[in-house]
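Q: Please take a close look at the part of this model where the two chains meet, and explain it carefully for someone in a first year of study.

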Amino acid sequence: MNQDESLAAALHEAAAGVPVGTAPTAAVMRQGKMIRRRHKAMRSAVVAAAVLVPAVGVAFSATFDSSPTPPVSAASAAVKVVDPGERVMLGRGKTMWLSGQGMFLVTPNASGSTKERLMEVAEVPGGKISATAVGDDAGTVWAGIYRGPEKPTRVAFSIGDRTMSARIVTLPGRPGWVAFHADDTHARTNDITITVQGADGAMLASLAKSGKG
Amino acid sequence: MSNASDDEFHNFMTGRWPSLVRTAYLLTGSHHDAEDLAQNALARAYVKWDKVRHSDDMAAYVRKIMIHVHADGFRRRTVREWFTSRFPETAVADRTAQVEHRSALIDALARLPLRQRSAVVLRYFEDMTPAQIAAALGTRESTVRSQITRGLAGLRDDGVLAALAGDPQESRTHTSDSVALKGMHR
């Protein structure tokens, strides 16, 4: 056996000694889907950044009791499972990330720096919604938390005569709460009702807010 | 991606997983890193599965992705740990020569610069021609030939080739203190 053959044989022998388990296909496909979503979000962010006018943020945060279910017409939103600290693009330059503490909303300042605010899940009563909005005349980004034992499958925003579905984001496992976000192309001037629905369509919670307060 | 594509990817991955992990092991020198590398490469293959499935050689395409992922990961790392199966003390008596040679070979490979290591592994483990390696590494064939030559010289300097050929002179003993950090150019 010459040197090349000896080396090839030794490499094969060394490689053959490696224990190889079952292919983690589900994990790899999940990872692939996550990369794909990230690429898509980055492309959206680039487009948004190109047209974004520096915004002056107006925010509010509130927790309210349930109110009647609004009519909803949009399709159900998918629930996205994210890792703690994983950035979620909200649109208009805003991002969020989740941790065991709650939802961190990151908004850009006019100076180019960012401001990070925490919406603590511990401050949201069970079965209730807390939401915040950041926007300007060009539109509004909504983000919030629903805390409850059931995993919602849909969060709907009813604004005047319009209805839109929010995206639902949650941490792995059963954290007992979800975050949601929506990008509205309208300035926040009308009354709004946020409704959280379970898998069977039943309303789990609702939050109503009138005017610009 | 449709269910059919997912099924196709699933079948491809199941079939190629052992081979990719073994190649990744020779590239990384660590079983844990090998599984990470193979997994990351396959996740990227999943992202561009339409391109992969329409390529002439799907296995070669994914192997190429893995080589690039390995190189990218290497570039991002500024400080690398040194994992070794050898300890500063003399090897224990019950180790077989076979295991020692295998361990010495993996250690010596890990001490080669990344490109040389990749070229040697692809040439002698994957049995790829220098032209195929050049295409995979995105470099010239002459560069690959040079990397293989220098890689072999590195293995020879380590005494690994002589040991493989049955030369009574054992491969040099390295300790974790005396060797360069894994992946760092000497």
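A: What follows describes the contact between the two chains, and then the salt bridges and the confidence that go with it.

The model is predicted, and the place to begin is the contact itself, to which chain A gives 30 residues and chain B gives 34 residues. The area buried between chain A and chain B is about 2,900 Å², and carbon and sulfur atoms account for 70% of that area. On the side of chain A, the residues that lose the most area to chain B are L7(A), L11(A) and R36(A), which together make up 20% of what that side buries.

Polar links are also present, since the count between chain A and chain B is nine residue pairs in polar contact, with both residues at pLDDT 80 or more. Two elements of chain A, α1 (3-16) and α2 (25-51), each give two or more residues to the side that touches chain B, and the largest share of that side, 12 residues, comes from α1(A). When the residues of this side of chain A are sorted by kind, they divide into 16 nonpolar, 10 polar and four charged.

Between chain A and chain B the count of salt bridges is one, although the structure holds nine salt bridges over all chains. The pair that crosses between the chains is K33(A) with D6(B), whose closest N and O atoms are 3.9 Å apart; K33(A) belongs to helix α2 of chain A, while D6(B) belongs to helix α1 (residues 3-28) of chain B. The two partners differ in how they are covered: K33(A) has a relative accessible area of 34% and is partly exposed, whereas D6(B), with a relative accessible area of 11%, is buried.

Helix α1 of chain B also takes part in a salt bridge within its own chain, where the side chains of E8(B) and R53(B) meet at 2.7 Å, N to O. This pair links distant parts of the chain, because E8(B) lies in helix α1 and R53(B) lies in helix α3 (residues 49-53) of chain B, 45 residues apart. Both partners are partly exposed, E8(B) at 28% relative accessibility and R53(B) with a relative accessible area of 29%. The link does not stand alone, for E8(B), D50(B) and R53(B) are joined in a network of salt bridges.

Another salt bridge of chain B joins the side chains of R63(B) and E126(B), at 3.1 Å from N to O. R63(B) sits in helix α4 (residues 58-76) and E126(B) in the loop between α6 and α7 (130-137) of chain B, so the pair ties together parts that are 63 residues apart in sequence. Here R63(B) and E126(B) are both buried. Helix α6 (residues 114-124) of chain B is itself mostly covered, with nine of its 11 residues buried, including L114(B), V120(B) and Y124(B).

A careful reader should also look at the confidence of chain B, which has a mean pLDDT of 76, with 73% of its residues reaching 70 or more. Residues 75-95 of chain B stay under 50 in pLDDT, and so do residues 168-186 of chain B. Among the helices of chain B, confidence is highest in α8 (residues 141-157), at a mean of 93, and lowest in α5 (residues 97-111), at 76.

How values were computed: Residues numbered from 1 in each chain as written. Chains lettered and ligands numbered in written order. Heavy atoms only, no water. Contact = heavy atoms within 4.5 Å. Buried area = accessible area lost by both parts, 1.4 Å probe. Salt bridge = Lys/Arg side-chain N within 4 Å of Asp/Glu carboxyl O. Polar contact = N/O pair within 3.5 Å; in protein donor to acceptor, adjacent residues only side chain to side chain. Helix = DSSP H or I, 4+ residues; strand = E, 2+ residues; numbered from the N terminus. Nonpolar A, V, L, I, M, F, W, Y, C, P; charged D, E, K, R; others polar. pLDDT = per-residue confidence, 0-100. Buried < 20%, exposed > 50% of the residue type's maximum accessible area, 1.4 Å probe, protein only.
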